[in-house]
Amino acid sequence: MIEQITNSWVCWLMLLLTLYIYHQLWMDYLHLLEAPEMAEHNAPEYQRKITALKVGALPLMGLFGTITGLQDSFTGMMLGGADSQMVTNGIAHALFTTQLGLVLAIPGWLLLVFVNAKGKSCYATTTAR
């Protein structure tokens, strides 16, 4: 598994985007805890939509890795015949990137829902006062 990650630029790109998204969500959450009265101004609606778009890009990047892995398999079959090692490596890469995209995106979606709910709760509390 480590070898599949280190040999694939798609996996590296997905991991870097995930770190950026999780950091952004964590900072939004910390700002809500520090200043709940500023909930409306901490993370405006457009910023949360952009974060949701980034989280939604993770499984699509996994799908992109699937396509490139299958393309490598079929290209290898076309050029070198039906070498089982080449075909299985491409399919394994394809399935791994799909799995990685989902494993990274699902916690991101859950964190995004949690932070959005916390922001709405803080905003409702401060406007009710």
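## A predicted five-helix chain

Lysine 54 has its place in helix α4. The model that shows this is predicted. Lysine 54 is buried, because its relative accessible area is 19% and the limit for buried is under 20%. Setting aside neighbours within four places in sequence, lysine 54 is in contact with Leu17, Tyr20, Ile21 and Gln24. Lysine 54 is also one of the α4 residues that make the contact with α2. Threonine 88 lies 34 residues from lysine 54 in sequence. In space, the two C-alpha atoms are 31 Å apart.

### The chain as a whole

How many helices and strands are there in the chain? There are five helices and zero strands. Along the sequence the pattern reads α-α-α-α-α.

The C-alpha trace spans about 75 × 20 × 15 Å along its principal axes. The radius of gyration of the chain is 20 Å. A compact globule of 129 residues would have a value near 14 Å. Of the 129 residues, 34% are buried.

Contacts can also be sorted by sequence distance. Take those between residues at least 6 apart in sequence: 79% of them join residues at least 24 apart.

### How the helices pack

Three helix pairs are described here. They involve α2 (residues 9-34) and α4 (residues 45-80), together with α5 (residues 84-128).

| Helix pair | Angle | Axis distance | Contact residues |
|---|---|---|---|
| α2 and α4 | about 160 degrees | 10 Å apart | 14 nonpolar, six polar, three charged |
| α2 and α5 | about 15 degrees | 10 Å apart | 17 nonpolar, five polar, two charged |
| α4 and α5 | roughly 175 degrees | within 7 Å | 15 nonpolar, 17 polar, one charged |

Start with α2 and α4. They pack at an angle of about 160 degrees, with axes 10 Å apart. That makes α2 roughly antiparallel to α4, because angles over 145 degrees count that way. The crossing of α2 and α4 is left-handed. On the α2 side, the contact residues include Trp9, Leu13, Met14, Leu17, Ile21, Gln24 and Leu32. On the α4 side, they include Gln47, Thr51, Lys54, Leu58, Met61, Gly62 and Gly65. The residues of this contact divide into 14 nonpolar, six polar and three charged.

Next come α2 and α5. Are they roughly parallel or roughly antiparallel to each other? The angle between them is about 15 degrees. α2 and α5 are therefore roughly parallel, since the cut-off is under 35 degrees. α2 passes α5 in a left-handed crossing. In this contact, 17 residues are nonpolar, five polar and two charged.

The last pair is α4 and α5. Their axes come within 7 Å and cross at roughly 175 degrees. That makes α4 roughly antiparallel to α5. The contact holds 15 nonpolar residues, 17 polar ones and one charged residue.

### Residues in these contacts

Glutamine 24 lies in helix α2. Is it buried or exposed? Glutamine 24 is buried, with a relative accessible area of 12%. Not counting residues up to four places away in sequence, glutamine 24 touches Gln47, Thr51 and Lys54. Those three partners are among the α4 residues in the contact with α2.

Glycine 62 lies in helix α4. Glycine 62 counts as buried, because its relative accessibility is 0%. Which residues is glycine 62 in contact with, leaving aside neighbours within four places in sequence? They are Met14, Thr97 and Thr98. Met14 is one of the α2 residues in the contact with α4. Glycine 62 and valine 103 are 41 residues apart along the chain. Their C-alpha atoms are separated by 9.9 Å.

Tryptophan 9 lies in helix α2. Tryptophan 9 is exposed, because its relative accessible area is 57% and exposed means over 50%. Tryptophan 9 is also among the α2 residues that make the contact with α4. Glycine 65 is 56 residues from tryptophan 9 in sequence, yet their C-alpha atoms are 9.2 Å apart. Glycine 65 is on the α4 side of that contact.

Technical notes. Residues numbered from 1 in each chain as written. Predicted model: local features only at pLDDT ≥ 70, side-chain atom pairs only at ≥ 80, totals over all residues. Heavy atoms only, no water. Axes fitted to C-alpha atoms, helices over the stretch in contact; angles between N-to-C directions. Helix = DSSP H or I, 4+ residues; strand = E, 2+ residues; numbered from the N terminus. Parallel < 35°, antiparallel > 145°, perpendicular 65-115°, else oblique. Left-handed = near helix turned anticlockwise from the far one by under 90°. Contact = heavy atoms within 4.5 Å. Nonpolar A, V, L, I, M, F, W, Y, C, P; charged D, E, K, R; others polar. Rg over C-alpha atoms; globule rule 2.2 N^0.38 Å. Buried < 20%, exposed > 50% of the residue type's maximum accessible area, 1.4 Å probe, protein only.
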